[in-house]
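I opened a new notebook page for a structure I had not looked at before. My plan is to go from the whole chain to single residues.

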Amino acid sequence: MTSQQPRPADPAAPAGPVGPVDSSVVPRYAGIATFARLPRLEEVGRADVAVVGIPFDSGVSYRPGARFAPAAVREASRLLRPYHPALDVSPFAAVQVADAGDIAVNPFDIGQAVATVEEQVGELAATGASVVTVGGDHTLSLPLLRAAARVHGPVALLHFDAHLDTWDTYFGEPYTHGTPFRRAVEEGLLDTEALGHIGTRGPLYGKSDLTEDKRLGFGIVTAADVMRRGVDETVAAVRERIGDRPLYVSVDIDVLDPAHAPGTGTPEAGGLTSRELLEILRGLDGTRIIGADVVEVAPAYDHADITSVAASHVAYDLVSLLALRRAAGTA
């Protein structure tokens with residue numbers, strides 16, 4: 001039987017972060033999948049950065065299936081390597097990064113699911129870990145922001161998405177994947193001087209959607225804006241708006257064009273390329289990023305794991321940004 005050992009590290013070895021399984025010893029396709037083949041949280045006891053899955057999609061309004069994303073993204077992450085050349089960091093050597101497993105939530109009761117996520121992510125954050133979440137649908141951003149605000153107070157938000165997700169209700173329900181950021185503003189979780197969407201596009205219910213979004217405090221950089229202005233100008237505008245505030249980053253994978261992310265619940269033509277998304281994220285180096293999520297991967301609609309691979313790289317970049325901050329002692 002194939003083993004993922006050696007793990008944990010030799011007790012006689014110098015103390016330091018426990019990293020991924022060595023791919024020169026155990027082939028990447030062997031063993032149980034964890035994110036980037038990292039140790040499980042229970043194997044290392046604590047983590048500076050924790051990657052947690054939330055297999056939940058009861059808040060979707062169109063295609064279901066994002067409940068299967070954490071497993072798919074972990075499988076796609078097997079090919080990630082330990083050095084990030086664009087950010088010049090070896091995140092898994094700089095700090096302890098671990099896979100915290102999945103948070104099991106009630107698929108039949110959205111309110112209870114939201115409460116469970118808030119409680120359990122809050123407990124994880126209370127250990128000192130910065131959390132990167134792999135959803136799941138975008139409903140989850142609300143309890144994740146509640147947990148973040150409990151530690152940091154109102155946070156800046158950078159939201160990558162084809163959609164605004166600031167609608168009021170769907171079918172009279174206030175907690176869905178299209179409403180998390182309206183609820184977050186209403187609850188005082190967000191710093192309304194530093195809110196932004198990137199990558200929005202496509203038809204809306206009416207012009208009032210934009211008016212309401214602006215009233216809540218959001219600025220918008222559309223997918224067409226990114227195309228016309230380029231990555232560098234987009235990053236400069238975002239950084240100016242965020243300033244030195246604590247920053248939460250939420251990435252709906254449908255911010256990418258369906259050519260780059262077909263496996264998602266509400267695809268819209270005309271989106272960002274995976275290269276544009278990753279380069280904008282890398283431009284956040286030096287900001288006070290405190291947590292992040294990657295949501296809305298629906299593997300059943302994917303082809304050759306295109307979407308799961310993209311999501312795994314997005315999560316890797318977010319982990320790397322958090323590792324840089326933790327290693328610098330500025331988290």
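The entries below go from overall form to salt bridges, then to a surface patch and one pair of residues.

**Entry 1: what kind of model**

I noted before anything else that this is a predicted model. I keep that in mind for every value on this page.

**Entry 2: overall form**

I looked up the secondary structure and found 11 helices and 8 strands in the protein. I then checked the radius of gyration, which is 19 Å, close to the 20 Å that the globule rule gives for 331 residues, so the protein is as compact as a globular protein of that length. Taken along the principal axes, the box filled by the C-alpha atoms is roughly 65 × 40 × 35 Å.

**Entry 3: inside and outside**

How much of the protein is buried? I found that buried residues are 55% of the 331. The surface that the protein exposes comes to about 13900 Å², and carbon and sulfur atoms supply 54% of that area. I also looked at contacts with a separation of 6 or more: 77% of them are between residues 24 or more positions apart.

**Entry 4: salt bridges**

I counted the salt bridges next, and the count comes to 18. I went through three of them one by one.

Asp48 and Arg46 come together through their side chains in a salt bridge, at 2.6 Å from N to O. Asp48 counts as buried because its relative accessibility is 14%, and the cut-off for buried is under 20%. Arg46 has a relative accessible area of 43%, so I wrote it down as partly exposed.

In helix H6, I found a salt bridge between the side chains of Glu186 and Arg183, with 2.8 Å from N to O. Why are these two about one helical turn apart? They are 3 residues apart in helix H6, which means a separation of about one helical turn. Arg183 has 6% relative accessibility and therefore counts as buried.

Glu187 and Arg146 also form a salt bridge with their side chains, again listed with an N to O distance of 2.8 Å. This pair links distant parts of the chain, 41 residues apart. I placed Glu187 in the loop between helix H6 (180–186) and E5, and Arg146 in helix H5 (residues 141–152). Glu187 is partly exposed at 36% relative accessibility, whereas Arg146 is buried at 17%.

Which residues are linked in a network with Arg146 and Glu187? I found Glu118 and Arg150, so that the four are joined by a network of salt bridges.

**Entry 5: a nonpolar patch**

I turned to the surface and found a nonpolar patch of about 210 Å², made by Leu204, Leu210 and Ile220. I picked Leu204 for a further look. Leu204 lies in the loop between strand E5 (190–200) and helix H7 (208–216). Its relative accessibility is 36%, so Leu204 counts as partly exposed.

**Entry 6: Gly19**

Where is Gly19 found? I located Gly19 in the segment before helix H1 (41–44). Gly19 has a relative accessibility of 23% and therefore counts as partly exposed. I then checked Gly19 against Gln96, which is 77 residues away along the chain. The C-alpha atoms of the two are separated by 7.6 Å.

Definitions and conventions:
Residues are numbered from 1 along each chain as its sequence is written. This is a predicted model: local features need pLDDT of at least 70, side-chain atom pairs count only at pLDDT 80 or more; totals for chains, interfaces and linings use all residues. Side-chain values use heavy atoms; hydrogens and water are left out. Patches are made of residues with over 30% relative accessible area and no salt bridge: like charges are joined within 9 Å, nonpolar side chains (Val, Leu, Ile, Met, Phe, Trp, Tyr) within 5 Å. Accessible areas come from the Shrake-Rupley method with a 1.4 Å probe; for residues, only the protein chains shown count as cover. Helices (H or I, at least four residues) and strands (E, at least two) are DSSP runs, numbered from the N terminus. Buried means under 20% relative accessible area, exposed over 50%, partly exposed in between (1.4 Å probe, protein chains only). The radius of gyration is taken over C-alpha atoms; the globule rule is 2.2 Å times the number of residues to the power 0.38. Contact means heavy atoms within 4.5 Å.
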